[in-house]
Amino acid sequence: MNIEDKLKLIVAALEDLKAQDIAILNTSKLTALFERMVIASGTSNRQTRALADNVHVKVKEAGEYVGNTEGEDSGEWVLLDLGDVIVHVMLPAVRAHYNLEELWGAAEAARTRHIQADH
């Protein structure tokens, strides 16, 4: 399965259970560990766990790699390692606090400025 099909599968699994504010970040130029980061919000600890579980089930059913899952106990921030895609399912307050979109976006902007300065 190519990366775009995998992302569609992940987003569909999140939308099935009404995830909010789904974002996809291209991290392929920032790290060799994964190509994309998917971030979504759930309205409760119970929903974040259910969202992460649904993604886990759908990706595994498709025959794709499913690695470790972290944060299921509290449900405030659940992380799924899907190989070339990392999925973060977070409560809105936790998501706002850590602001991964800005953190990774700022890293991309800084990297772009650095590359342009080198040329």
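# A guided tour, from surface to core

Begin by selecting D73, which counts as exposed because its relative accessibility is 80%, a value over the 50% that marks an exposed residue. As you look around, keep in mind that the model is predicted. D73 sits in the loop between β3 and β4. If you add R49 to the selection, you will find that D73 and R49 are 24 residues apart in sequence, while their C-alpha atoms are 8.5 Å apart in space.

**The negative patch**

Keep D73 selected and add D53, E70 and E72, since these four residues together form a negative patch on the surface. D53 belongs to helix α2, which covers residues 45-61. Is D53 buried, partly exposed or exposed? With a relative accessible area of 45%, D53 is partly exposed, because partly exposed residues lie between the limit for buried ones, under 20%, and the limit for exposed ones, over 50%.

**The whole chain**

Now clear the selection and switch to a cartoon view, in which you can look for 4 helices and 5 strands. If you follow the chain along its sequence, these elements come in the pattern α-β-β-α-β-β-β-α-α. The protein has 119 residues, and 37% of them count as buried.

**The nonpolar core**

Where do the residues with the most contacts inside the largest nonpolar core lie in the sequence? Select I10, L14, V38, V55, L82, V85 and V87, which are the ones with the most contacts inside this core of 19 residues. At least two residues of the core are supplied by each of α1 (3-16), β2 (36-41), α2, β4 (77-81) and β5 (85-90). Helix α1 gives the largest share, with 5 residues.

From this group, pick out L82, which is found in the loop between β4 and β5. Its relative accessible area is 0%, so L82 is buried. Then draw a distance from L82 to V55: these two residues are 27 apart along the chain, and their C-alpha atoms are separated by 9.6 Å.

**The salt bridges**

Next, turn to the charged side chains, where the structure holds 4 salt bridges. Start with E4 and R36, whose closest N and O atoms are 3.7 Å apart in a salt bridge. Why does this pair tie together separate parts of the chain? E4 lies in helix α1 and R36 in strand β2, so the bridge joins parts that are 32 residues apart in sequence. The two partners can also be compared by their accessibility: E4 counts as partly exposed at 41%, whereas R36 is buried, with a relative accessible area of 12%.

Move on to K6, and show E64 with it, because a nitrogen within 4 Å of a carboxyl oxygen is what makes a salt bridge here. The side chains of E64 and K6 meet in such a bridge, at 3.9 Å from N to O. This pair links distant parts of the chain, with E64 in the loop between α2 and β3 (69-70) and K6 in helix α1, 58 residues apart. Both E64 and K6 are buried.

Leave K6 on screen and add D84, which forms a salt bridge with K6 whose closest N and O atoms are 2.7 Å apart. Here again distant parts of the chain are linked, since K6 is in helix α1 and D84 is in the loop between β4 and β5, 78 residues away. K6 counts as buried because its relative accessibility is 3%, while D84, with a relative accessible area of 24%, is partly exposed. Which residues are joined into one network by salt bridges that share partners? They are K6, E64 and D84, so it is worth showing these side chains together.

**Two backbone angles**

For the last stops, look at the backbone rather than the side chains. Select D21, which lies in strand β1 (residues 20-26). The phi angle of D21 is near 50°, which is a positive value in a residue other than glycine. D21 counts as exposed, because its relative accessibility is 58%.

Finally, select N99, in the loop between α3 (92-98) and α4 (100-118). N99, which is not a glycine, has a positive phi as well, near 45°. Is N99 buried, partly exposed or exposed? At 28% relative accessibility, N99 counts as partly exposed.

Terms used:
Residues numbered from 1 in each chain as written. Predicted model: local features only at pLDDT ≥ 70, side-chain atom pairs only at ≥ 80, totals over all residues. Heavy atoms only, no water. Patch = residues over 30% accessible without salt bridge, like charges linked within 9 Å, V, L, I, M, F, W, Y side chains within 5 Å. Areas by Shrake-Rupley, 256 points an atom, 1.4 Å probe, with all protein chains shown as cover. Lys, Arg positive; Asp, Glu negative; His and termini not counted. Charge placed at Lys NZ, Arg CZ, Asp CG, Glu CD. Buried < 20%, exposed > 50% of the residue type's maximum accessible area, 1.4 Å probe, protein only. Core = buried A, V, L, I, M, F, W, Y, C linked by side-chain atoms within 4.5 Å.
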